[in-house]
Amino acid sequence: MELAKLIPNEKDETVKALLVYAFICRTKFPLEITPLLECVQSDNALLSEVAVMSLEDFKDKRIHDLAIKMLMEKGLKSLALALLHSNYEKRDEEIIARLIAQAAQIPHHVQLDIVAISHDYRFVNAYPILFKVYQKGDCSFCRWSIVRAMKRHGVLSDEILEECRYDFYDDTQEFAEKLVAKRDKRKPCRARTLGRVDTNLTWRA
Ligand SMILES: [Zn+2]
């Protein structure tokens with residue numbers, strides 16, 4: 001509590017970042033969150049980052065609005081999606097989809113945040129978001145989580161599944177192999193039908 005009270009008046013931003021850091025993980029910030037919202041908007045990258053982390057579990061309309069403002073102004077390079085996770089609203093899908101579509105590359109932290117959001121909420125139009133994060137994501141470990149998110153949303157196509165069998169990351173390969181095996185087990189009738197058609201063709205020839 002005493003540490004929290006020091007934050008609004010601390011002038012040195014690095015010291016301020018260390019004070020805010022005390023409220024990540026174990027202790028939730030015990031006071032009104034306005035000083036933290038101000039820290040998020042600081043040009044000091046360390047202070048902004050720890051402030052985002054300290055606010056991640058708070059549900060508050062102001063956090064939502066700040067996250068959207070950051071997305072509009074700075075795009076995906078900001079840590080806004082991490083703030084949005086606990087404060088997500090359905091209508092936010094549109095701006096997320098647009099930014100993901102425009103990005104040349106999707107950094108690891110955005111992959112993580114998209115996985116977290118898609119885990120707790122359902123995207124109405126999940127395919128373009130998840131597919132583009134899959135395609136343009138930097139991190140192969142996160143790609144595995146994205147593939148699982150696609151499965152959960154029912155948008156994991158056979159084509160992607162086939163590609164995943166040759167993924168760089170073992171767990172993605174394994175996940176794909178299991179799904180392919182399950183899928184093929186479910187389709188014996190179709191295979192038999194195709195076999196019969198082939199026989200007919202041979203017979204006619
Ligand atoms: Zn990653």
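In the predicted model, helices α9 and α10 are roughly antiparallel to each other, because an angle over 145 degrees counts as such and the axes of α9 (residues 126-136) and α10 (residues 140-152) cross at roughly 160 degrees, coming within 9 Å. The crossing in which α9 passes α10 is left-handed. On the α9 side the contact is formed by Leu130, Val133 and Tyr134, and on the α10 side by Arg143, Ile146, Val147, Ala149 and Met150. Classified by residue type, this contact of α9 with α10 comprises 7 nonpolar residues and 1 charged residue, with no polar residues.

Helix α10 also packs with helix α8 (residues 108-120), at an angle of about 25 degrees and with the axes 10 Å apart. Since angles under 35 degrees count as roughly parallel, α8 and α10 are described as roughly parallel to each other. The crossing of α8 past α10 is left-handed. Here His108, Gln111, Leu112, Val115, Ser118 and His119 of α8 meet Cys142, Ser145, Ile146 and Ala149 of α10. The residues of the contact of α8 with α10 divide into 5 nonpolar and 5 polar, with no charged residue among them. Ile146 and Ala149 of α10 are thus named in the contact with α9 and also in the contact with α8.

Cysteine 142, which lies in helix α10, is buried, because 23 other C-beta atoms lie within 10 Å, where 20 or more suffice for that assignment. When neighbours within four places in sequence are left aside, cysteine 142 is in contact with His108, Gln111, Leu112, Val115 and Gly137. The C-alpha atoms of cysteine 142 and tyrosine 169 are 10.0 Å apart in space, the two residues being 27 residues apart in sequence.

The largest nonpolar core has 47 residues, and those with the most contacts inside it are Val20, Ala51 and Leu83. Helix α10 gives the most to this core, contributing 6 residues. Such an arrangement may be set beside a general tendency: in soluble globular proteins, nonpolar side chains tend to be buried together.

Attention then turns to helix α4 (residues 45-55), whose buried residues are Leu47, Ser48, Val50, Ala51, Val52, Ser54 and Leu55. The buried residues of α4 pack against four helices, namely α2 (13-21), α3 (34-40), α5 (61-74) and α6 (80-84). Alanine 51, with neighbours within four places in sequence left aside, is in contact with Val20, Leu36, Cys39 and Val40. Val20, one of these contacts of alanine 51, is itself listed with Ala51 and Leu83 as having the most contacts inside the largest nonpolar core.

Technical notes
Residues are numbered from 1 along each chain as its sequence is written. This is a predicted model: local features need pLDDT of at least 70, side-chain atom pairs count only at pLDDT 80 or more; totals for chains, interfaces and linings use all residues. Axes are lines fitted to C-alpha atoms, for helices over the stretch in contact, and angles run from 0 to 180 degrees between N-to-C directions. Helices (H or I, at least four residues) and strands (E, at least two) are DSSP runs, numbered from the N terminus. Angles under 35 degrees count as roughly parallel, over 145 as roughly antiparallel, 65 to 115 as roughly perpendicular and the rest as oblique. A crossing is left-handed if the near helix is turned anticlockwise from the far one by less than a right angle, and right-handed if clockwise. Two residues are in contact if their C-beta atoms, placed from the backbone, lie within 7 Å. Ala, Val, Leu, Ile, Met, Phe, Trp, Tyr, Cys and Pro count as nonpolar, Asp, Glu, Lys and Arg as charged, and the others, Gly among them, as polar. A residue is buried if 20 or more other C-beta atoms lie within 10 Å of its own, exposed if 12 or fewer, and partly exposed in between; C-beta atoms are placed from the backbone. A nonpolar core is a set of buried Ala, Val, Leu, Ile, Met, Phe, Trp, Tyr and Cys residues joined through C-beta atoms within 7 Å.
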